[in-house]
There are 2 protein chains.
Amino acid sequence: MQQRSEETRSRIIESAIKLFSNRGFNAASVDDICKDAGISKGAFYHHFESKQALFLALLDDWLQTIDNAIETSKDKPVPETFMQMTEAFPYIFETAGAGLPMFLEFWLQASRDEKIWQTSIAPYRRYHKHFTSLIKKGVEEGSFVEVNPELASRMIISTAMGLLLQSLLDPKGAKWEKVARDSTNMLVHSLMKK
Amino acid sequence: MQQRSEETRSRIIESAIKLFSNRGFNAASVDDICKDAGISKGAFYHHFESKQALFLALLDDWLQTIDNAIETSKDKPVPETFMQMTEAFPYIFETAGAGLPMFLEFWLQASRDEKIWQTSIAPYRRYHKHFTSLIKKGVEEGSFVEVNPELASRMIISTAMGLLLQSLLDPKGAKWEKVARDSTNMLVHSLMKK
DNA sequence: TAATAAAAACCGACTGGTCAGTTTGTTTTT
DNA sequence: AAAAACAAACTGACCAGTCGGTTTTTATTA
């Protein structure tokens, strides 16, 4: 079977995500990952040059997901995209929420390595640009009130980021899906012309 | 001089903040901290029981700062407090901004230890409660429009948290002090009755 | 005020353990 | 048979924390 190799690889990745999230990059040793994945160290270093390389592979996957999300919403009407974003929030809280500790781990690692850093923040930049142009278009089309697209974009991103952080700080403090939905609704409606 | 001991202690703390921020909790070794502070390991372990204990001491300091900020704004009129918050933003970006990687480091450490965790999120809970009651009061007094105080509080905190994160992701992407000021102004004015 | 005892602060070599990465050899696939 | 995939013992560096001893500060007493 030529699948065996690939299965080993994905087993490593699966275990790495789990252990990096639970214990952090440094505290999760290569031995731990191997044990969890049920493989040997030799197999690990056959598939990944180093622990850092595994980290970069995970980072790439994560960034790809973000880029895809931007790409798929690229050519839809402006207000629709925004409402879609609202609907997407509960999903974000389910998925990104669980993975946010790892993302923060990523980000802290990245912030200490210029090359990784530049790679890792590129999607954020694209995300902001996407939103800015979306709002700009909405204003020009007349579906949005007169706003500063730059500022509005940053505020929307802030709300999402901030709510995610809060949901992790205080998991049982609120029905976060509902908070997210209501907040985004408020923002979107304050942008839309009546 | 009875100050010598205290100076050593603060030298340790100063170096710890610097190195934890730059390299992270794990990567900054006790030896590194001692070397940077210009003291010996014996001196270090005379002042702190363990590396973890040093970490907790830093955490305490940080949490104290937050609690003080809440306390000092406790008995001022509602709209005034909000405007004060707006004015305080540039300061937050100067101080908390530089320290946020360390705070995240703290927080990631904390999230893996139930006891530390409970301690570290308590100020956030107080902060949220403070804001909620502040908005509630404003609504009852008639200086604010009818809003859900819970939701409004979470949105304001989100904006602050989210902008801080963004300012770190994209340091040169915007004049963050201005963005923060404008955003908070928008939020506050949308709350206040005309 | 000076001498001295006790305690606090500090030094730095050392220990036991961990961990990323290597190497040598074996099994499985092509 | 050749190459890819895997196993696991091993290496060298590093690191948190210890320990026996020294210096400095503080308290006590004459």
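**Exercise 1. Identify which protein atoms make polar contacts with DNA strand C, and which elements line its surroundings.**

Step 1. In this predicted model, a side-chain N or O atom of K51(A) lies 2.9 Å from a phosphate oxygen of DNA strand C. A polar contact is a pair of N or O atoms within 3.5 Å; within protein, one must be able to donate a hydrogen and the other to accept it, and residues adjacent in sequence count only if both atoms are side-chain atoms.

Step 2. The elements contributing two or more residues to the surface near DNA strand C are α3 (41–47) of chain A, and α1 (3–23) and α3 (41–47) of chain B. Here "near" requires a heavy atom within 4 Å, and helices are DSSP runs (H or I, at least four residues), numbered from the N terminus. The largest share, 5 residues, is supplied by α3(B).

Step 3. A base oxygen of the strand is 2.7 Å from a polar side-chain atom of K41(A), whereas V30(A) places a polar backbone atom 2.9 Å from a phosphate oxygen. Of the strand atoms within 4 Å of the protein, 67% belong to sugar or phosphate.

Conventions: residues are numbered from 1 along each chain as its sequence is written, and chains are lettered from A and ligands numbered from 1 in the order written. Local features need pLDDT of at least 70, side-chain atom pairs count only at pLDDT 80 or more, totals for chains, interfaces and linings use all residues, and side-chain values use heavy atoms, without hydrogens and water.

**Exercise 2. Determine how chains A and B are related.**

Step 1. Chain A is superposed on chain B by a rotation of 180 degrees with 0.0 Å of shift along its axis, at RMSD 0.2 Å; the fit is by least squares on C-alpha atoms of residues with pLDDT of at least 70 in both copies.

Step 2. The two copies are therefore related as by a two-fold rotation axis. In chain A, G162(A) has the C-alpha nearest this axis, at 2.1 Å.

**Exercise 3. Characterise the salt bridge between R154(A) and E150(A).**

Step 1. The closest N and O atoms of R154(A) and E150(A) are 3.6 Å apart, and a salt bridge requires a Lys or Arg side-chain nitrogen within 4 Å of an Asp or Glu carboxyl oxygen.

Step 2. Because the two residues are 4 apart in helix α7 (residues 149–169) of chain A, about one helical turn separates them.

Step 3. R154(A) is buried at 2% relative accessibility, while E150(A) is partly exposed at 37%. Buried means under 20% relative accessible area, exposed over 50%, and partly exposed in between (1.4 Å probe, protein chains only).
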